[in-house]
Amino acid sequence: MITFGMFGAGSTGRSQMHTAMDTLPERFGGLIDADLRLVFVETTPRDKDIQGLEVLSVEDFMALQGDDIYYNVSLAGPYKREEVADRLAATGHRPLTIFDTTTRLRYPNEFSEGALFSFSTMVSHDTKIGQFFHCLSFSMVPHNCTVSDFVTMTSRVNLGGFTEVGNHVFLGAGCLTKPGTPDRPLRIGDGATIGMGAAVLEDVPAGATVAGNPARILSK
Amino acid sequence: MITFGMIGAGGMGCEMVHLVPYALKQRYPDLQDDDYRIVFAESEPNKTEYDGYPVISVEDFIAGADENTFFNIAIADPYARERLAGQLERAGLEPLALQHPTAEIRDGNDIGAASVFGFMALVTARIKIGKYFNCMPFSQVAHDCEIGDYVSFYSRVDCNGHIVIEDYVTIGNGACIRNGTREKPLRVGKGATIGMGAIVTKDVPPGATVVGNPASVVVKD
Amino acid sequence: MITFGMVGSGGLGREMMYIAMPSLLQQFPGSTESDFRLVWVESEPQKSTVHDLPVLSVDDFIAEADDNTCLNIGIGDGYIRERLANQIEAEGIRPLQLMHPNSELRPGNDVGPGATISFQCLISTDITIGKYFMCMAYSMVVHDCVIGDYVTFATRVSCNGHVHIEDYVDAGNGAMIRNGSYEKPLRIGKGAKIGMGAVVAKDVPPGAVVVGNPAHILET
């Protein structure tokens with residue numbers, strides 16, 4: 001019996017759970033329905049089921065016994081995601097990356113655990129991706145990038161090559177970054193927020209919020 | 001033994017090299033993995049190996065070429081691409097067009113030699129494209145467009161209908177060009193550069209660089 | 001023999017006709033290409049063929065139609081689409097949904113008749129769409145959106161979650177609409193036009209034209 005728990009039943013959670021339903025049986029060597037248990041996990045469940053799947057409280061999910069219990073966290077906010085991921089890590093349960101059937105991966109790359117990849121996404125080559133990375137619809141991670149932990153790429157994000165993205169960075173829909181160079185990568189500091197449609201041409205300081213084309217700092 | 005030389009051992013080359021087996025197998029349907037080899041070539045190599053493939057000089061690549069040697073050029077700069085294309089073609093080598101299987105390049109278009117179409121690229125109807133067109137992932141060329149030689153589209157470029165793009169134009173990530181009309185196509189002049197995310201709503205003069213939404217000229221030759 | 005009429009043989013119609021055959025084959029299981037006859041339909045035909053397919057006037061198309069005739073409308077203007085739809089449907093001819101095979105229209109959505117969903121589009125979950133929705137390449141509609149009748153999305157439009165788009169709205173190439181919320185959906189009013197590359201972060205009044213990032217109303 002393989003159990004997979006998706007924390008958060010918002011749009012990303014529901015969408016990625018559809019993908020889990022489509023892809024996990026084959027990933028685990030051809031499971032039949034009875035061998036795969038998919039559940040949503042919420043802090044305080046409001047519904048008994050969502051999309052026909054059970055909803056468990058965090059405590060109940062954490063208390064599950066067994067060796068093959070996996071999870072992922074669908075919260076978009078980087079810090080909230082980390083909080084939940086840390087909590088769930090205290091159990092023996094293991095993070096599981098969910099790839100969409102349309103996700104294209106080049107190689108070589110280094111992936112950490114617990115990523116979520118959505119429709120029509122792509123990861124190029126020589127890229128290192130940290131923990132609990134979100135790569136939502138139509139986003140693309142180009143070559144020679146380093147993406148740290150708990151980074152959220154919402155939809156249609158196009159980073160340039162040779163970019164270093166710090167921890168907890170939030171990349172808004174449709175944003176673009178200018179490529180860096182091998183000697184001088186473009187850097188987006190820890191905790192920065194890039195607004196929707198922003199076109200980032202230079203380094204973004206840690207904690208800054210930038211928006212516009214060209215992107216300008218809104219607040220620090 | 002079939003040899004494919006990717007000219008340009010950099011990020012773009014690394015991306016494009018994945019398209020090579022598809023192109024070779026289209027040309028040689030019974031091709032097995034050990035029937036071909038891939039090398040990178042550079043004018044002045046500063047390494048001997050890249051992405052798991054050997055890196056040799058362009059000179060050595062030309063010297064070692066036979067009738068089963070092909071190439072394409074993974075260099076964004078249109079003028080550099082032209083220079084190298086000329087050098088290799090004069091030496092008698094044949095470029096090979098590359099296309100990702102998910103790209104949709106529809107019938108009835110006139111596309112020049114050595115084109116490269118990345119993941120999910122789209123080329124629709126009644127389009128004419130010149131040689132060495134480089135079209136990165138998710139970019140599209142819509143109906144009734146005319147594109148010159150050595151043009152580079154980065155990813156997610158929207159070239160809408162009835163647009164004329166002259167030679168040596170470079171279009172950055174996420175740029176959108178408004179459609180022209182049959183009577184008055186929108187023109188992007190020779191050698192122009194369109195910046196990342198630019199929203200181009202009118203003709204771009206030759207040699208100009210345009211950025212922003214709406215795009216405006218920042219540099220003019 | 002099933003006759004499919006594409007109303008409008010301009011650039012858009014010609015692009016959409018490409019997905020007519022795959023859509024027909026998909027919607028009539030067990031059929032082959034020779035079961036279908038594809039024609040163009042124009043109010044005032046200028047030529048007798050386009051891409052080797054015959055061009056009929058609207059009157060001739062209606063006169064020749066039988067129970068196996070269907071249509072779609074490859075015209076960007078929502079008001080014109082409505083006029084033609086009403087004219088032709090009044091004669092009992094049914095619309096056919098067109099969808100590119102590499103697009104994803106997830107189950108559980110409510111999509112009205114005559115939709116055209118182009119290359120690599122994503123219509124996610126819990127979405128309601130009205131009649132003759134035109135969705136060009138790479139566009140997406142994310143969860144919990146309500147889209148009215150005769151709405152047109154150009155290429156690469158991003159409509160995020162909890163957005164309500166009223167009838168006849170026209171969204172230009174690359175436009176992005178920020179998500180609303182369950183309590184307060186973001187509203188795009190009837191007949192509004194969203195310019196190319198606009199990044200819409202708040203409600204748009206009916207009939208307004210908005211451009212820029214962030215989008216603002218274009219004063220005329």
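User: What counts as a contact between residues here, and how many residues of chain C are in contact with chain A?

Analyst: Two residues are in contact if their C-beta atoms, placed from the backbone, lie within 7 Å. The model is predicted, and the cut-off is applied to its coordinates. On the other side of this interface, chain A contributes 16 residues. The number from chain C is 17 residues.

User: How does the side of chain C that touches chain A divide by class, and which count belongs to the polar residues?

Analyst: Three residues on that side of chain C are charged. Six are nonpolar. The polar count is eight.

User: How many residues of chain A are in contact with chain B, and how many of them are polar?

Analyst: Chain A meets 16 residues of chain B through 18 residues of its own. By class, that side of chain A has five nonpolar and four charged residues. Its polar residues number nine.

User: What confidence does the predictor give the complex, and what is the mean pLDDT of chain C?

Analyst: For the complex, the predictor gives an ipTM of 0.83 and a pTM of 0.88. In chain C, 100% of the residues reach a pLDDT of 70 or more. The mean pLDDT of chain C is 94.

User: How many helices and strands are there in chain A, and what is its radius of gyration?

Analyst: Chain A has three helices and 23 strands. For 220 residues the globule rule gives 17 Å, and the value for chain A is close to that, so chain A is as compact as a globular protein of that length. The C-alpha trace of chain A spans about 50 × 35 × 25 Å along its principal axes. The radius of gyration of chain A is 18 Å.

User: What share of chain A is buried?

Analyst: A residue is buried if 20 or more other C-beta atoms lie within 10 Å of its own. Chain A has 220 residues to which this applies. The buried share is 54%.

User: Which share of the contacts in chain A with a separation of 6 or more comes from residues 24 or more positions apart?

Analyst: The base is the set of contacts in chain A with a separation of 6 or more. Within that set, residues 24 or more positions apart account for 28%.

User: How many helices and strands are in chain C, and what is its radius of gyration?

Analyst: Chain C contains four helices and 25 strands. The globule rule gives 17 Å for 220 residues and chain C is close to that, so this chain is as compact as a globular protein of that length. Its C-alpha trace spans about 50 × 40 × 30 Å along the principal axes. The radius of gyration of chain C is 17 Å.

User: What is the strand order of the open sheet of six strands in chain C, and which strands are at its edges?

Analyst: The order is β8-β11-β14-β17-β20-β23, with parallel pairing. An edge strand pairs on one side only. In chain C the edge strands are β8 (104-105) and β23 (199-200).

User: How many bridges join β8(C) to β11 of chain C, and what is the bridge partner of C:L105?

Analyst: β8(C) and β11 (residues 122-123) of chain C run parallel, and two bridges join them. The partner of C:L105 lies in β11(C). That partner is C:I123.

User: Where are the two domains of chain A, and which element gives the most to the side of domain 1 that touches domain 2?

Analyst: The domain assignment of chain A gives domain 1 (2-95) and domain 2 (104-219). Their centres are 25 Å apart, and the contact takes 13 residues from domain 1 and 12 residues from domain 2. On the side of domain 1, the elements that give two or more residues are α1 (11-27), β5 (69-73) and α3 (78-89) of chain A. The most, five residues, comes from α3(A).

User: How is the side of domain 1 of chain B that touches domain 2 of chain B made up, and how many of its residues are nonpolar?

Analyst: In chain B, the assignment gives domain 1 (2-96) and domain 2 (97-212), and the contact takes 15 residues from domain 1 and 14 residues from domain 2. The elements of domain 1 that give two or more residues to this side are α2 (20-27), β5 (69-73) and α4 (78-90) of chain B, with the largest share, five residues, from α4(B). By class, one residue of this side is polar and two are charged. The nonpolar residues number 12.

Notes: Residues numbered from 1 in each chain as written. Chains lettered and ligands numbered in written order. Predicted model: local features only at pLDDT ≥ 70, side-chain atom pairs only at ≥ 80, totals over all residues. Domains from an automatic or database assignment. Pairing = 2+ DSSP bridges. Nonpolar A, V, L, I, M, F, W, Y, C, P; charged D, E, K, R; others polar. Rg over C-alpha atoms; globule rule 2.2 N^0.38 Å. Buried ≥ 20, exposed ≤ 12 C-beta atoms within 10 Å, placed from the backbone. pLDDT = per-residue confidence, 0-100.
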